[in-house]
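Got the viewer open? Here is a short walk through the model, one selection at a time.

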Amino acid sequence: MLIKNDEKINGFLFVAVLPFLLFAMAYYGFESSYVRLKTMEKAPDFMFSSVYAYRVIPNYLSIHVTEAVTFMVNNYVPFLKNFLLKQGTLFYHSIFLINSFFFVLSSMVLNSLLKLNPTGVPLHLNIRRMIHLLAVFFIVIAQYVPTNCDSIAIFFYLLGALFTLKYLENRKCIYFILLCLVVFISTLARETSCLNISFFAAMCIDFEKLKRKDFTFIKEIVLLVIAFVIPYAGLRMMIHQNVSFVEGIYFLDNFSSPFNLSGLLFGILSLYFSYLLCDEKGQIIIRKYLFFAIPYLIMIAMVGLFWETRLFLPLILTGIVTAAHQFKNVIPQQ
């Protein structure tokens, strides 16, 4: 009994407490060109008058959590107000609370992902924790660009990956329905949700079978695309204001700035590192995934900044999860 309790305590410390502390170090220790967020008293107007206007879940969470934190500080812990304001505005602390909450949830989902045994051979606990720690560090490092949507998007992405593997493991429709719900809801947070479709397609589609006109998983993929398109298009029809579909075109900046080129190199090498750790089947998974993720990669090059390595996080985490598993019994035989 004592051993089991120790295991539970150690698991909680590793999966929840350690990631939270690392996340706090990033938000209150990292300094970059994005620290002006610390001086904002409330959600900036551009969140509701630009492409960010379509990210309704993080935007309204930012508003309501800031209101709740302000109420709590003013009415219940006023003696902490001066201390808190030295480290940033209450809006900034609210962003930290939102992101740290979803970051810890992401860590828990990642732990569940690494526990899956698609070939019946479980990872050794120490190996699983080292891989988990590596993934957590990648997420934390990218927090030198604090936003109100990335941690939410990463949580939903990992949750979608978990439901994908669960569905492929036992073919229970409930997991596919949950995956569709995750894609639908996460599209209200960030367009990264489309990568859940890429992951599902990479796990399911066999190009050799397609040549033989075997379209087994086409129906599921179409349903996932519909789950993405409905909220994506719906938001753009419902939000009646003059907002742009993109924040800007940065293609030339991405390939002319040494900072952006270093960010691109970081993303490529990180994914290449996990690719080398995979067996042959895992490498096939990653190649397929990158093929289906081409639209996302093009969007990063066009309207994102490579220096903001948070944009590569879903790809890097996919590589890490793929490297952690042997998918011989999951993907179709080539």
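Before the first stop, a word on touching: a contact here means heavy atoms within 4.5 Å. This is a predicted model, in which local features need pLDDT of at least 70 and side-chain atom pairs count only at pLDDT 80 or more, while totals for chains, interfaces and linings use all residues. Residues are numbered from 1 along each chain as its sequence is written, and side-chain values use heavy atoms, with hydrogens and water left out.

**Stop 1: Ser-274 and Pro-258**

Select Ser-274 and show its surroundings. Leaving aside residues up to four places away in sequence, Ser-274 touches Gly-319, Ile-320 and Ala-323. Ser-274 belongs to helix H12, residues 258-277; helices are DSSP runs of H or I with at least four residues, numbered from the N terminus. Is Ser-274 buried or exposed? It counts as buried, because its relative accessibility is 1%. The cut-offs are under 20% relative accessible area for buried and over 50% for exposed, with partly exposed in between (1.4 Å probe, protein chains only).

Now go to Pro-258, also in helix H12. With a relative accessible area of 58%, Pro-258 is exposed. Add Trp-307 to the selection: Pro-258 and Trp-307 are 49 residues apart in sequence, yet 9.0 Å apart in space, C-alpha to C-alpha.

**Stop 2: H6 against H7**

Color residues 150-170 (helix H6) and 173-187 (helix H7); these two pack at an angle of about 160°, with their axes 8 Å apart. That makes H6 roughly antiparallel to H7. For the terms, axes are lines fitted to C-alpha atoms, for helices over the stretch in contact, and angles run from 0 to 180 degrees between N-to-C directions. Angles under 35 degrees count as roughly parallel, over 145 as roughly antiparallel, 65 to 115 as roughly perpendicular and the rest as oblique.

H6 passes H7 in a left-handed crossing, meaning that the near helix is turned anticlockwise from the far one by less than a right angle (clockwise would be right-handed). Show side chains at the contact: from H6 you get, among them, Phe-156, Phe-163 and Tyr-167, and from H7 residues including Phe-176, Leu-179 and Val-182. By class, the contact of H6 with H7 has 11 nonpolar, 4 polar and 1 charged residues. Here Ala, Val, Leu, Ile, Met, Phe, Trp, Tyr, Cys and Pro count as nonpolar, Asp, Glu, Lys and Arg as charged, and the others, Gly among them, as polar.

Pause at Arg-171, in the loop between H6 and H7. Arg-171 has a positive phi of about 60° although it is not a glycine. Most residues other than glycine have a negative phi. Arg-171 is partly exposed, with a relative accessible area of 42%.

**Stop 3: H6 against H15**

Keep H6 and add H15: they pack at an angle of about 35°, with axes 11 Å apart. This crossing is right-handed. Pick Ile-154, Tyr-157 and Leu-158 of H6, which meet Leu-313, Pro-314, Leu-317 and Thr-318 of H15. The contact of H6 with H15 has 6 nonpolar, 1 polar and no charged residues.

**Stop 4: the core and H8**

Which residues touch the most other members of the largest nonpolar core? Select Leu-113, Phe-200 and Leu-224, which do so in a core of 84 residues. The largest share of this core, 13 residues, comes from H6. Such a core is a set of buried Ala, Val, Leu, Ile, Met, Phe, Trp, Tyr and Cys residues joined through side-chain atoms within 4.5 Å.

Phe-200 leads you to helix H8, where it is one of the buried residues. H8 covers residues 194-204, and 10 of its 11 residues are buried, so it is largely enclosed by the rest of the structure. Its buried residues pack against H6, H7, H10 (218-238), H13 (280-292), H14 (294-303) and H15 (313-324).

**Stop 5: H4 against H5**

Finish with H4 and helix H5 (residues 125-141), whose axes come within 10 Å and cross at roughly 145°. H4 passes H5 in a right-handed crossing. Click Asn-111, found in helix H4 (residues 90-115). Asn-111 is buried, with a relative accessible area of 15%. Beyond residues up to four places away in sequence, Asn-111 touches Val-15, Arg-128 and His-132.
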